[in-house]
Every structure is written in structure tokens, then in C-alpha cells.
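Subject: the structure you asked about

Hi,

Here is the structure, with the sequence alongside. Have a look first, and then read on for what turned up.

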Amino acid sequence: ASAVGSAVAYVDKHGGEVSQTQKQLVTSFLDMPFNATLPSQLDTAMIRDALWLRLRSFRLPDEDEIVSNIYREFGDETMETLLPVAHPREAQGLPRNFVT
């Protein structure tokens, strides 16, 4: 029999007891002060340090490669093509209107 099958059979046979145990577990957890649910200062420091080491190990993208790719892709385009120079209403000779 698989572990899952055994667990299902146990719950089927002892459903009321399992339900009562779950209720006691949730009740005891909710009755705890909030600070008791937080990790200790030592655990928090260890988690913080581990995360910091992991973040520092990430490699930043190669900026020269990024710039080269942008020039390769858009180098022949004019600035007017790449960046809008005016609001579409202004391009039509209409005043810019911030209310839509």
C-alpha cells in the first residue's frame, strides 16, 4: 500500500479524531502571541545573510553587449522614429488635452 493510500484509509477510519486534532492545532496556533510565530533573531539573521549572499552572487548583464545589440537593432533608425517628439494631439495641430 502506498503512503497516500494509507493516509486516506486512516482519515476515512478516524475522520472525527483527525478533525478534532486539526481543530486543536489551529486553535493553539491562533491562541499564540504574534511574536511567537516569528523566527528567532538568530534565525532571522541567518536567513537575511543567506539571502544577501545569494543576491550578491547574481550576475549583472553585460552593459556593453546590451548597448551593442541596441545599436545593431536600431542603429539606422532616426531619433524621431524611435522616440515620439510630441503628443499625438499636438502633431495634429490641436492643443494638448489632459482630460479624456
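Let's start with a small puzzle: which residue forms a salt bridge with R48? The partner is D49, and the closest N and O atoms of the pair sit 3.3 Å apart. Please keep in mind that this is a predicted model. The count for the protein comes to one salt bridge, so R48 and D49 are the pair to look up. As for how open the two residues are, R48 counts as exposed because its relative accessibility is 52%, and the cut-off for that label is over 50%. D49 has 40% relative accessibility, so D49 counts as partly exposed.

Now for the overall layout. The protein has six helices and zero strands, and from the N terminus on the order reads α-α-α-α-α-α. Of the 100 residues, buried ones make up 0%; for that label a residue would need under 20% relative accessible area. The protein exposes about 9800 Å², with 60% of that area supplied by carbon and sulfur atoms.

One helix pair is worth a look on screen. Helix α1 covers residues 3-13, and α1 packs against α2 at an angle of about 95 degrees, their axes being 5 Å apart. The angle falls within 65 to 115 degrees, so α1 is roughly perpendicular to α2. On the α1 side, Y10, V11, D12 and K13 make the contact, while α2 contributes G15, E17 and V18.

Helix α2 spans residues 15-31 and also holds V26. With a relative accessible area of 46%, V26 is partly exposed. That takes us to the surface, where V26 joins F29, L30 and M32 in a nonpolar patch. Together these four residues have about 400 Å² of accessible area.

Shout if anything looks odd when you open the file.

Cheers

Definitions and conventions. Residues numbered from 1 in each chain as written. Predicted model: local features only at pLDDT ≥ 70, side-chain atom pairs only at ≥ 80, totals over all residues. Heavy atoms only, no water. Patch = residues over 30% accessible without salt bridge, like charges linked within 9 Å, V, L, I, M, F, W, Y side chains within 5 Å. Areas by Shrake-Rupley, 256 points an atom, 1.4 Å probe, with all protein chains shown as cover. Salt bridge = Lys/Arg side-chain N within 4 Å of Asp/Glu carboxyl O. Helix = DSSP H or I, 4+ residues; strand = E, 2+ residues; numbered from the N terminus. Buried < 20%, exposed > 50% of the residue type's maximum accessible area, 1.4 Å probe, protein only. Axes fitted to C-alpha atoms, helices over the stretch in contact; angles between N-to-C directions. Parallel < 35°, antiparallel > 145°, perpendicular 65-115°, else oblique. Contact = heavy atoms within 4.5 Å.
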